[in-house]
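Work through the following exercises with the structure open beside you. Try each task before reading its solution.

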Amino acid sequence: MVPLKRRKLGSSHTGNAGTNSGDEVKFPQVVLFLLERKMGASRRAFLSQLGRKKGFQVQELFSEIVTHVICENNSGEEVRTWLDSQASSRPGAHLLDISWYTESMRAGQPVEILDRHKLQQELQISEAEVIMFSVPSYACQRRTSLENHNTPLTEALSLLAENAELSEDDGRGVAFRRAAAVLKALPSPVTSMSQLKGLPCLGEHSLRVIKDILENGSSIEVESTKNSERYNALKVLTGIFGVGSKTAERWIRAGIHSLHQLQDSGQTLNRAQQAGLEHYDDINQPVTKAEADVIGEIVEKAVVSVLPGAQIVLTGGFRRGKLTGHDVDFLITHPEEGREVGLMSKVVSWLESKGFLLYQKTTRNSYLESKDGPGRPASNIDRFERCFSIFKLAKEKETRTKDPQEVTENRVSAETDQNPNSDKLMNKQTDTPWRAVRVDLVVSPISQFAFALLGWTGSKLFERELRRWAGHERSMSLSSHALFDNKKGRYLRASSEEEIFAHLGLEFILPSERNA
Ligand code: CTP
Ligand code: MN
Ligand code: MN
């Protein structure tokens with residue numbers, strides 16, 4: 001190593017220390033130094049060589065004789081920090097972007113220093129150019145389409161939300177869901193943390209995850225969660241219909257992490273769980289819109305057969321425009337109040353008699369306005385007559401050849417009835433001509449239909465935010481049955497979703513824009 005003093009001396013004498021002295025110096029007042037940081041050593045060497053060939057003095061080492069510091073992809077702040085760490089520097093040395101250098105190379109002489117060449121200036125400009133976002137704080141005030149511009153971030157936060165929910169930490173789950181929902185609503189990709197200033201619902205933890213992904217391309221927390229034995233066991237076990245996070249947690253504590261371990265453990269399973277285990281692969285395979293439509297035809301046929309004039313609508317994710325779902329959700333009503341009473345059991349009987357149901361559990365309507373009314377806030381859990389079921393759906397080949405008008409009997413039922421507990425389990429590939437599909441049916445009286453439709457369309461976060469908005473901002477209680485105005489002490493009627501949004505003082509949001 002050459003001592004610092006000699007190095008400096010040498011450079012001030014030659015003005016060209018450590019460089020190819022064979023090149024003529026055309027611009028003695030201009031002494032350049034190219035910062036290697038972010039530019040890289042080989043690009044720096046190449047550009048330095050080019051400059052010297054054109055008669056510029058390009059220093060290998062930094063010192064106080066340097067008049068122009070050339071940087072690439074560094075902010076003014078970063079270069080200041082670097083300069084401050086140097087032994088000495090020339091006061092008033094220019095801090096310039098590489099664009100000044102390349103333009104000067106092209107011109108064959110130092111070009112005039114314009115504002116856009118200056119690093120400080122560049123920093124100010126780029127800060128002004130940074131798109132700052134602004135979104136309202138409740139998801140029900142925003143339009144959230146299915147596609148978003150920040151999927152690496154929203155998927156990471158959703159995974160952490162899911163992990164928190166599976167771990168019974170609902171508070172943290174909602175916090176991550178809200179943070180993900182804010183990013184879903186942004187009009188373009190986030191590129192820097194500074195763009196997120198002032199955005200709602202981004203807590204410290206979520207911001208840390210976002211920062212990691214923006215800076216390193218991934219988050220250690222997300223990656224380690226994704227690969228953790230616990231998360232994966234919770235996913236596998238709660239993938240069984242009828243198994244919630246509490247049950248899964250209990251099984252994991254008993255050393256059960258897989259379906260095989262569960263089967264070998266001799267744990268007693270309820271009826272739903274038995275059906276869930278039996279149809280595990282099918283139920284964990286996404287349902288397509290085409291399959292949902294076929295099921296819609298079957299349910300419609302059932303409904304009008306047992307009560308002419310009754311109507312069904314597709315709700316849940318498919319109403320929001322999703323192309324696949326984990327189940328298919330339907331809402332059933334009749335335009336004459338009261339005619340819907342007892343409808344569910346008739347529909348279920350019809351479906352069962354035709355061999356369409358592999359499993360069903362029906363619960364009665366327990367909602368009574370007089371009981372659930374003024375005195376108490378509307379519960380989140382609704383009490384419609386409803387049916388959680390597993391459908392036996394003929395596979396595409398069969399359904400395509402089948403005329404929907406001819407849906408009267410499940411044509412695959414006979415074959416499989418001969419073979420009730422067939423080899424359909426987990427990884428065993430099956431060649432059955434049908435698949436199992438989760439279907440939710442809900443019956444609502446026409447007077448509550450708009451509330452039921454709004455409540456069953458989702459997304460879950462959108463629904464939660466609607467209720468939070470109603471309570472916190474309007475002093476109202478919203479459920480899938482009714483809207484109660486706590487200040488006026490009365491129910492607010494509505495026969496459409498639009499009217500409910502209007503009662504709440506919210507702009508109407510289309511179902512396809514409720515994908516928060
Ligand atoms: N819902 C409800 N009570 C339940 C289950 C669901 O009110 N016990 C509502 C949810 O709030 C949601 C809608 O029913 O608004 C649909 O729920 P779900 O089928 O779980 O979710 P989807 O949004 O349809 O998503 P996917 O496509 O995965 O089914
Ligand atoms: Mn659904
Ligand atoms: Mn559902």
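**Exercise 1.** How many residues has the largest nonpolar core, and which residues have the most contacts inside it?

*Solution.* Begin with the basis of the exercise: this is a predicted model, in which local features need pLDDT of at least 70, side-chain atom pairs count only at pLDDT 80 or more, and totals for chains, interfaces and linings use all residues. Residues are numbered from 1 along each chain as its sequence is written, chains are lettered from A and ligands numbered from 1 in the order in which they are written, and side-chain values use heavy atoms, with hydrogens and water left out.

Next, fix the terms. A nonpolar core is a set of buried Ala, Val, Leu, Ile, Met, Phe, Trp, Tyr and Cys residues joined through side-chain atoms within 4.5 Å; buried means under 20% relative accessible area, exposed over 50%, and partly exposed in between, with a 1.4 Å probe and protein chains only.

The largest nonpolar core has 39 residues, and those with the most contacts inside it are Leu157, Leu183, Leu186, Leu196, Leu199, Ile240 and Trp251. Among the elements that give two or more residues to this core are α6 (151-166), α7 (170-184) and α8 (204-216), where helices are DSSP runs of H or I with at least four residues and strands are runs of E with at least two, numbered from the N terminus. The largest share, seven residues, comes from α6. The core draws at least three residues from each of domain 2 (139-226) and domain 3 (229-278), with bounds taken from an automatic or database domain assignment. A second, separate core of 29 residues includes Val299, Ala302, Leu343 and Val437.

**Exercise 2.** Which residues are the protein donors of the manganese ion (ligand 3)?

*Solution.* Donors are N, O and S atoms within 2.8 Å of the metal (3.2 Å for Na, K and Ca), and sites may look incomplete because water is not among the atoms. The donors of ligand 3 are Asp327, Asp329 and Asp440, each through OD, lying 2.0 to 2.3 Å from the ion. In sequence, these donor residues are spaced D-x1-D-x110-D. The pair of aspartate 329, in strand β8 (residues 328-333), and aspartate 440, in strand β11 (residues 434-443), links distant parts of the chain, 111 residues apart.

Turn now to the other manganese ion, ligand 2, which is coordinated by Asp327 (OD) and Asp329 (OD) at 2.0 to 2.1 Å. Aspartate 327 bridges the two manganese ions, which lie 3.6 Å apart. Finally, check the accessibility of the donors: aspartate 327 is buried, with a relative accessible area of 6%, aspartate 329 counts as buried at 10%, and aspartate 440 counts as buried at 8%.

**Exercise 3.** Which residues of strand β1 lie on one side, and which on the other?

*Solution.* In a regular strand the side chains alternate between the two faces of the sheet. In β1 (residues 31-34), Val31 and Phe33 are on one side and Leu32 and Leu34 on the other, and all are buried, so both faces are covered. Three bridges join β1 to strand β2 (residues 57-59), and the two run parallel; two strands pair if DSSP finds at least two bridges between them. The bridge partner of valine 31 in β2 is glutamine 57.

**Exercise 4.** In what order do the three strands of the open sheet lie?

*Solution.* The order is β12-β13-β14, with antiparallel pairing. The edge strands are β12 (476-478) and β14 (490-491), each of which pairs on one side only. Two bridges join β13 (residues 483-485) to β14, and aspartate 485 has arginine 490 as its bridge partner in β14.
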